[in-house]
Amino acid sequence: KEFSSKRFIGSNQTDTKQYEISVRNTKREAVNINVTDQFPVSVTKEITIDNQQAPGAEIDKDTGIATWMLTLQPGEEKKLNISYSVKYPKDRKVVLE
C-alpha cells in the first residue's frame with residue numbers, strides 16, 4: 001500500500017511517502033526471510049531526505065538500505081512500514097517512484 005502527500009513551504013516542496021509491506025507465511029513450517037527496501041539517497045545539498053522511519057529494520061545510512069530479518073510461523077502475517085520525506089526546491093523536478 002502507498003500513502004503519500006505533498007506540501008509547499010516557501011520556495012521548497014516536501015513530498016512524504018509511506019509504504020506498507022505485507023509478508024505472509026503460507027507454508028506448514030516456520031521460515032526465515034529477509035525483506036529489503038531502500039530510502040532515496042540524495043547526492044546534492046539542495047535535496048534532503050528527512051524523517052526516515054522503518055521500525056524494526058537495520059538501516060545503512062550510506063546506501064539508504066533498510067533490512068528486516070524475520071521469522072514467520074505457519075500462517076503468520078507481518079506488516080512492515082517504511083516512510084520518508086523529501087524536501088527540494090519548487091523549480092526542480094524529482095522522481096520518487
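How many helices and how many strands does the protein chain have? There are 0 helices and 7 strands, where helices (H or I, at least four residues) and strands (E, at least two) are DSSP runs numbered from the N terminus. Read from that end, the elements run β-β-β-β-β-β-β. Before we go on, please keep in mind that this is a predicted model, in which local features need pLDDT of at least 70 and side-chain atom pairs count only at pLDDT 80 or more, while totals for chains, interfaces and linings use all residues. Residues are numbered from 1 along each chain as its sequence is written, and side-chain values use heavy atoms, with hydrogens and water left out.

Let us begin with the overall outline. Along its principal axes, the C-alpha trace spans about 55 × 25 × 20 Å. The radius of gyration of the protein chain is 16 Å, whereas a compact globule of 97 residues would have a value near 13 Å; the radius is taken over C-alpha atoms, and the globule rule is 2.2 Å times the number of residues to the power 0.38. Contacts (heavy atoms within 4.5 Å) tell us about the reach along the sequence: among those with a separation of 6 or more, 69% join residues 24 or more positions apart.

Now for the surface. The accessible surface comes to about 6800 Å², and 46% of it belongs to carbon and sulfur atoms; accessible areas come from the Shrake-Rupley method with a 1.4 Å probe, and for residues only the protein chains shown count as cover. Of the 97 residues, 28% count as buried, which is to say under 20% relative accessible area, with exposed meaning over 50% and partly exposed in between (1.4 Å probe, protein chains only). As for charge, the chain carries 15 positive and 14 negative side chains, and the centres of the two sets lie 5 Å apart. Here Lys and Arg count as positive and Asp and Glu as negative, without His and the chain ends, and each charge is placed at NZ of Lys, CZ of Arg, CG of Asp or CD of Glu.

What lies inside? In soluble globular proteins, nonpolar side chains tend to be buried together. A nonpolar core is a set of buried Ala, Val, Leu, Ile, Met, Phe, Trp, Tyr and Cys residues joined through side-chain atoms within 4.5 Å. The largest one here has 18 residues, and Ala54, Ala66, Trp68, Ile82 and Val86 touch the most other members. Strands S2 (12-24), S6 (65-72) and S7 (77-89) each supply at least two residues of this core, and the largest share, 5 residues, comes from S7. Setting aside neighbours within four places in sequence, Ala66 is in contact with residues including Val35, Phe39, Ala54, Ile59 and Ile82.

Leu72 lies in strand S6 and is buried, with a relative accessible area of 1%. Beyond neighbours within four places in sequence, its contacts include Val23, Arg24, Val31, Ile33 and Lys78. Arg24, in strand S2, is by contrast exposed, with a relative accessible area of 55%. Not counting residues up to four places away in sequence, Arg24 touches Leu72, Glu76 and Glu77. The C-alpha atoms of Arg24 and Lys78 are 6.5 Å apart, although 54 residues separate them in sequence.

Elsewhere in strand S2 we find Gln13, a buried residue with a relative accessible area of 8%. Gln13 has contacts outside its neighbours within four places in sequence, among them Lys6, Phe8, Val86 and Tyr88. Val86 also appears among the contacts of Leu96, together with Asp15, Lys17 and Tyr84, again leaving aside neighbours within four places in sequence. Leu96 sits in the segment after S7 and is buried at 15% relative accessible area. Its C-alpha atom is 8.8 Å from that of Asp15, 81 residues away along the chain.

One last stop is a backbone detail. Most residues other than glycine have a negative phi, and most peptide bonds are trans. Asn51 has a phi near 50 degrees, a positive value in a residue other than glycine. Asn51 is found in strand S4 (residues 48-53) and is exposed, with a relative accessible area of 54%.
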